[in-house]
Amino acid sequence: MAVLTVLLGACGTSTGSGTGNTSGTGPGGQSVISYSLTEPENPLIPGDTTEVGGIGVLGALFKGLVEYDAKTAAPRNAVAESIQTTDAKVYTIRLKPGWTFHDGTPVTARSFVDAWNYTAYSPNRMQGANYFSHVEGFSKVNNTTPDGGQPDALPPAKELPGLKVVDDSTFVVTLSAPFSTFATQLGYAAFFPLPASFFADRKAYEGHPVGNGPFRFVSHTKGKNLVVRRYDNYAGEKPHIDGVDFRFYANLDDAYADVLANRLDYLSFTPWSSTVNDRIKTDLPDSRRVSYRYLGYQAIAFPLYDRRFADARLRQAVSMSIDRVDLIKKVFNGARTPADGLVAPNVQGHLDNQCGELCTYQPEKARKLFEETGFQGPVVLTSNVDSANQQWMEVTCASIQRTLGRECRFEPVPTLGEFRRKLDDRTIGAIYRTAWVADYPSIENFLNPLFRTGGSSNVGQYSSPAVDALLTRADGAPSQQEGEKLYQQAERLVLQDMPTVPIWYQSATAAWSARLRNVVPTQFRELDLRSVTVS
């Protein structure tokens, strides 16, 4: 059989503002832009980072085998010279020459293989471990139980049998079964390389991360900002700016005010207040804002480790009690699209109306189902409030209370980092806000991490043998088209169980200071740091 080359081508005070344009310039007139972002939850280890703040910073510090086009999200080779397979099961990966880490050491095949083994090995407790579940021998290095527990006994091996280094620029990946999406995955953070210094002293790395990307780490002040500067020996296309000051705001209204005053350079997601009476159109000229769609959805979800939410009828009732059209009109001036499934419309494999009436406002059916469940006590919703979630969560709560005739209250959590820690520790016992922004542009990415038993982002602990079986069949389908049909079947099953209630498909309006030019928001809700310039 001929070799198939996978050619991947085409609510408080602000913490970072001051007076005047503090972004300005650095020493020698070098340009540094300021960028509002949520603070990373964990130290910046690629395999242990799955939330938007950490992913945003890692995208500046690292470059993977694959990258995604800023405008289309189409994958293309980056550090990889080639990714070849004849059967979608055995992949030979060759690296481009000249790539180095920020400490000057070379990026080699071993840099990837060692990083992947470390992430997959369950005693290391990496959040991204399950991204390697397709690699041959995963069960030998990862014996995490389906509910996420860590057994006392160590796994029998520390290295994946399916990873083999051939030479400094070549390694071979053998999967346990064919998986045609594998090459597309390789631009995600869990697959980034790590330098030898990480394995020699993880604590030192956590204090000063070392990547291979266009920017190098400079400093991180907890609760305030994280600063990166351009890496001049970067082997890829170099950015035009000299650095980024990622700033952590407790309230998006404060970040928005700083953009208007040219004290903040970039805000990827303007707050609800800017949509009231189309305020943003008078606040900013067209040259300083743009609306865009990205690969994701907004939702609420149930902590299924709490038995009070075990009845699927309860979850269906909550979904049908939410008037999505009214919510979007009230909070976003109509500038969102109600979600009718779990896969964003701009992703290949999306199918309209997967949810049916369960994602529409059905007050009578919702109340009847709710009363049948015998649920006791008030309905409680919770979310972090440092990224403009309070208003829409309160409107959602009001719709639930009005429809079900049961008290609904909203309990805020100040920051995304604190919120994520509570979810990871399973100390949240309320219906919680969730959202998904794709790691890579595939229907598979909207299902396996979130709804497979033990999935890397399955924080609510949903488990369905029928869904798992369909996902396994879809992963190993002989063609992409056959795989998509099976993923769509799995999506419909998940929606009948309703562990996650999709509310709207993601879109946003980005805003920026008067000095930025060539601003391109990506489909992953990030600023394209390669194209942006400063006047």
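## Charges, size and a pocket

The protein carries 53 positive and 56 negative side chains, and the centres of the two sets lie 2 Å apart. Here Lys and Arg count as positive and Asp and Glu as negative, while His and the chain ends are not counted. Each charge is placed at NZ of Lys, CZ of Arg, CG of Asp or CD of Glu.

This is a predicted model, in which local features need pLDDT of at least 70 and side-chain atom pairs pLDDT 80 or more, while totals for chains, interfaces and linings use all residues. Residues are numbered from 1 along each chain, and side-chain values use heavy atoms, without hydrogens and water.

Now for the overall size. With 535 residues, a compact globule would have a radius of gyration (over C-alpha atoms; 2.2 Å times the number of residues to the power 0.38) near 24 Å, so the protein's 23 Å agrees.

| Property | Value |
|---|---|
| Box filled by the C-alpha atoms, along the principal axes | roughly 65 × 55 × 45 Å |
| Exposed area of the protein (Shrake-Rupley method, 1.4 Å probe) | about 20900 Å² |

Carbon and sulfur atoms supply 49% of the exposed area. Buried residues (under 20% relative accessible area, 1.4 Å probe) make up 58% of the 535.

Let's look at one pocket. The second largest pocket is lined by 44 residues, and Asn130, Thr144, Gly454, Gly455 and Ser456 lie nearest its centre. Helices H3 (138-141), H13 (416-424) and H15 (465-475) each give two or more residues to this lining; H13 gives the most, with 4 residues. Helices here are DSSP runs (H or I) of at least four residues, numbered from the N terminus. A pocket is an open set of points on a 1 Å grid where a 1.4 Å probe fits, with protein on both sides within 12 Å along at least five of seven lines, and lining residues have an atom within 4 Å of a point.

Technical notes: Buried < 20%, exposed > 50% of the residue type's maximum accessible area, 1.4 Å probe, protein only.
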